[in-house]
Amino acid sequence: MLTSSSLRLRTEAMTILGGLRSTEVFSVYADALSALDDSPAAFCRSYARLCQFHYTHGDLGKLFAREIHYDTNVLTQNVDKPVSADVRAAADFDLYTINALISLSGSDFLDFARKSYRSCAELFDALPGFSAGTPLPFGNCDGLLQMYRKKGSGYFARANAFTVIDGIPQPIANPDPIRLSDLKGYAVQKKAIRDNTLSLLAGKNANNILLYGDKGCGKSSTVKAIANEYADRGLKIIELPMDQIKQFPAICSMIERSPFTFILFLDDLSFTAEDERFVALKAFIEGGVAGKPHNMAIYATSNRRHIIRENFSDRNGDDVHVRDAMQSASSLSDRFGIEITFSNPVKNEYLYIVDRLAEDYGLELPEERLHLLAERFAIRKNGRSPRTARQFITHQLALENGDKEAETGEN
């Protein structure tokens, strides 16, 4: 085992993974080691914080491994290029140092303290402890490079789904887990989106897509399902809320530097022609000097094909005025290479969706009865749609569960 002094010096000399010094997991170890040169009280405070961090986060070896995964460094920026002997040796040095930190248990730190403060060594006998962490799954530069090539690296390695808050993409803790198999019907629409996404993942030309049409038909769900379907191939989704649209260039800059592939998701777009956000977004999408990153496509949903809200007054006036108004209305939607329509299903399509959902959820009702109830439910919900079908199935399952509980209670 390294001495506390030599280990502390090694942590200061880290280069390739030196960015980890700004992480909390690194600082709790470094502070406890530094406090050994301060005073018993300072060490006790730092050691207590280290213990608390262990109790809160569990195996800190796994936490270190995640922080290395999320790091951006010389290796991540040149992951497919030859690595010099100097860089390789520096990475090996850093990994050995971090593994040495992880291997320390609470009793090891207390032994260090007894040697540093011999006059009060018995004090440390009563202090709590913790177990050593799990060693890193990559012990040298080659192993680390292999991990970066397989799993990617950097900020966006933290999650598969993000939303932009105050200009910063934030990981979504519990993203919608919906998959394409959960969405019934609309096979043509799903295929068009899938084909475009596969082209994007292959590094080929891919279009921006506008999904428009009736509410409740699965426009947003389809985008989320596509992202989930190909998450294991490095596809990420970033939802950009309307109030964050001016952050578009900054987000694109982050995306361009990332090894992952991205869907920038603009959900439920709706503007007036004078809305400054409309003007800004129109300029950003294939209108700006920089252009969009090669590893990103924009998928937007709207209830309107031309996205902006029009009034009858917009179509009044001379021919020039009307033509200008119409061109302004279509100027944003024209920037989407693919437009996909989602319309409310007709009766047979609606009942097909109901049947498939009933199969998935194990709802057993005679077909005639199921269809009758589904139609009644649609009338009460103001029309047929995939959302209405799903709500109907949920409602019927709740009724069944209620009936079963009532029967159990009576028995």
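Which helix is His371 found in? That would be α15, which covers residues 367-380. Keep in mind as you look around that this is a predicted model. The protein has 411 residues, and 46% of them are buried. Its secondary structure adds up to 16 helices and seven strands.

**The protein as a whole**

- About 21,200 Å² of the protein is exposed, and carbon and sulfur atoms account for 49% of that area.
- Take the contacts between residues at least 6 apart in sequence: 78% of them link residues at least 24 apart.

**The nonpolar cores**

- Start with the largest nonpolar core, which holds 50 residues.
- If you want to find the residues with the most contacts inside this core, look for Phe43, Phe64, Ile68 and Phe109.
- Six helices each put at least two residues into this core: α2 (24-34), α3 (40-57), α4 (60-70), α6 (85-102), α7 (106-116) and α8 (141-151).
- Helix α2 supplies the largest share, with seven residues.
- Phe64 makes a handy starting point for a closer look: setting aside residues up to four places away in sequence, it touches Leu20, Val25, Phe26, Tyr29, Ile98, Leu101, Ile102 and Leu136.
- There's also a second, separate core, this one with 40 residues, and its members include Leu180, Leu211, Leu351 and Leu363.

**The largest pocket**

- The largest pocket comes out at a volume of about 450 Å³.
- It has 28 lining residues, and the ones closest to the pocket's centre are Gly216, Gly218, Lys219, Ser221 and Arg387.
- Two or more lining residues come from each of α10 (219-229), β6 (296-302), α14 (347-361) and α16 (386-410).
- Helix α10 gives the most to this lining, with five residues.
- Sort the lining by class and you get eight nonpolar, ten polar and ten charged residues.

**The second largest pocket**

- Next up is the second largest pocket, with about 370 Å³ of space.
- Its lining is made of 20 residues, and Lys150, Lys151, Gly152, Gly234 and Phe260 lie nearest the centre.
- Helix α8 gives the most here, with four residues; α8 is also one of the helices that feed the largest nonpolar core.
- The class breakdown for this lining is six nonpolar, seven polar and seven charged residues.

**Back to His371**

- His371 has a relative accessible area of 17%, so it counts as buried, the cut-off being under 20%.
- Leaving out neighbours within four places in sequence, His371 is in contact with Leu351 and Asp355.
- Leu351 has come up already, as a member of the second core.

**A look at Arg194**

- Arg194 is found in helix α9, residues 187-201.
- Its relative accessibility is 28%, so Arg194 is partly exposed, a class that runs between the 20% and 50% cut-offs.
- Not counting residues up to four places away in sequence, Arg194 touches Leu180, Ile226 and Tyr230.
- Leu180 is another name from the second core.
- Arg194 and Thr222 are 28 residues apart along the chain, and their C-alpha atoms are separated by 9.7 Å.

Notes. Residues numbered from 1 in each chain as written. Predicted model: local features only at pLDDT ≥ 70, side-chain atom pairs only at ≥ 80, totals over all residues. Heavy atoms only, no water. Core = buried A, V, L, I, M, F, W, Y, C linked by side-chain atoms within 4.5 Å. Buried < 20%, exposed > 50% of the residue type's maximum accessible area, 1.4 Å probe, protein only. Contact = heavy atoms within 4.5 Å. 1 Å grid on protein atoms, 1.4 Å probe; cavity = no way out; pocket = protein on both sides within 12 Å on 5 of 7 lines; lining within 4 Å. Points joined across faces, edges and corners; volume = space filled by probe spheres on them. Nonpolar A, V, L, I, M, F, W, Y, C, P; charged D, E, K, R; others polar. Areas by Shrake-Rupley, 256 points an atom, 1.4 Å probe, with all protein chains shown as cover.
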